[in-house]
Amino acid sequence: MAKINVTYEKLSRQSENSLSELLNLKRRYVASADALYPRYRADCNRNRDLYTAEAQEAQRKQAKEEYSRKRLELFNELWRDVGVEIDLMRDDLAAWVSEPGDPAFLAQIKAYRDFDLSLSRTELEALVAGAGGNYVCLRCLDTLAGKSGLRVSVPSVEDFGKDLERIKMDFWSLRLYGPVGEGDVLDLLPDVVSYSGMQMGGP
C-alpha cells in the first residue's frame, strides 16, 4: 500500500515545546548534581588532619547524608517539572483526539463512500491537506483510502502514550545519576527505589 505521511502542527508544536523543556531540565539537573560532589568532598576532608579516625568517619557520614538530602531535593524538583511537561503532552493529545471533525469535510468523505468512488493518490493528498490535522477526519479518510489501496498514516494514540511512559522512565533513571569521583561514587548511590516495576539503586 502507498503510504501518505501527514504532519500535525497542533500536536507537534506542544510536543516540541515540551521536549525542548525536558532537555533543558535534564541539562540543569546534571549541572546541579555535578556541583554537589565537590562540596561533598570538601565537607569530607574538612579539618581531616585535626580529627581522629572516628571523628573523620562521623564527618564523612554527615557529609554523605547532606549530599544525599540535597541530591534528592534536586531530583524531586526535576520529577515534578517533568510531570508538568508530560501532563501538557497528554492533555494536548486528548484535545486533539476529542476535537470534532469538520461536518463539511466528513460529508465529502461520506459522498465518496456512498457513491463508491475510488481515490487517486493526488486526491488523497489533497484531502489529507484539507483535513487540517483533525484526528477524526484523518481516521475516517484512512478508512476510505484503504478501499482504493492507499493509506493515510495516522499516529497511534497508544504508541504516543507508551512514548510518554518511556520518557518518564528515562528521567526516573536520573535518580541514580552521580558524577565520576574518587572511588566513593557507588557508595553515594541512593537505596534501591522502584518505578513501574523496575528496581534500581545502590549495590
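The secondary structure of the chain comprises 6 helices and 4 strands. The model is a predicted one. Read from the N terminus, the elements follow the order β-α-α-α-α-α-β-α-β-β. The chain has 203 residues, of which 33% are buried. Among contacts with a separation of 6 or more, 72% are between residues 24 or more positions apart.

The packing of helix α2 (residues 53–98) against helix α6 (residues 157–172) is considered first. The two helices pack at an angle of about 175°, and their axes are 10 Å apart. Angles over 145 degrees count as roughly antiparallel, and α2 and α6 are therefore roughly antiparallel to each other. On the α2 side, the contact is formed by F75, L78, W79, V82, I86, M89, R90, L93 and V97, which meet V157, F160, L164, E165, I167, K168, F171 and W172 of α6. By residue class, this contact of α2 with α6 contains 14 nonpolar and 3 charged residues, and no polar ones.

A further helix pair is formed by α4 (residues 121–130) and α5 (residues 135–146), which pack at an angle of about 170° with their axes 10 Å apart. This angle makes α4 roughly antiparallel to α5. In this pair, L124, L127 and V128 of α4 meet L138, L141 and A145 of α5. The residues of the contact of α4 with α5 comprise 6 nonpolar, no polar and no charged.

The distribution of burial around α4 was also examined. L124, L127 and V128 in α4 are buried. These residues lie on the same side of α4, because the arc that they cover around the axis is only 105°. An α-helix has 3.6 residues a turn, so residues three or four places apart point the same way. T122, A126 and A129, on the other side of α4, are exposed. The residues L124, L127 and V128 are thus both buried and in contact with α5. After α4 comes G132, which has a positive phi, near 60°.

A positive phi is also found in D116, a residue other than glycine, where the value is near 55°. Most residues other than glycine have a negative phi. D116 is located in the loop between α3 and α4. Its relative accessible area is 67%, and D116 therefore counts as exposed.

The largest nonpolar core contains 33 residues, and the members that touch the most others are L78, L119, L124, L141 and V152. At least two residues of this core come from each of α1 (9–45), α2, α3 (103–114), α4, α5, β2 (150–153) and α6. The largest contribution is that of α2, with 7 residues. When neighbours within four places in sequence are left aside, L78 is in contact with L25, Y29, F171 and L174. A second core, separate from the largest, has 7 residues, including Y40, C44, A63 and L188. L78 is also one of the α2 residues in the contact with α6, and L124 is among the α4 residues that meet α5.

C44, a member of the second core, lies in helix α1. With a relative accessible area of 4%, C44 is buried. Apart from neighbours within four places in sequence, the contacts of C44 are with Q59, R60 and A63. One of these residues, A63, is likewise included in the second core. C44 and R60 are 16 residues apart along the chain, and their C-alpha atoms are separated by 4.8 Å.

A charged residue, E85, is found in helix α2. E85 has a relative accessibility of 13% and therefore counts as buried, the cut-off for burial being under 20% relative accessible area. Not counting residues up to four places away in sequence, E85 touches S18, E21, L22 and L25. E85 and E21 are separated by 64 residues in sequence, whereas the C-alpha to C-alpha distance between them is 7.7 Å. L25 is in contact with E85 and also with L78.

Key
Residues numbered from 1 in each chain as written. Predicted model: local features only at pLDDT ≥ 70, side-chain atom pairs only at ≥ 80, totals over all residues. Heavy atoms only, no water. Axes fitted to C-alpha atoms, helices over the stretch in contact; angles between N-to-C directions. Parallel < 35°, antiparallel > 145°, perpendicular 65-115°, else oblique. Contact = heavy atoms within 4.5 Å. Nonpolar A, V, L, I, M, F, W, Y, C, P; charged D, E, K, R; others polar. Buried < 20%, exposed > 50% of the residue type's maximum accessible area, 1.4 Å probe, protein only. Arc of directions from axis to C-beta. Core = buried A, V, L, I, M, F, W, Y, C linked by side-chain atoms within 4.5 Å.
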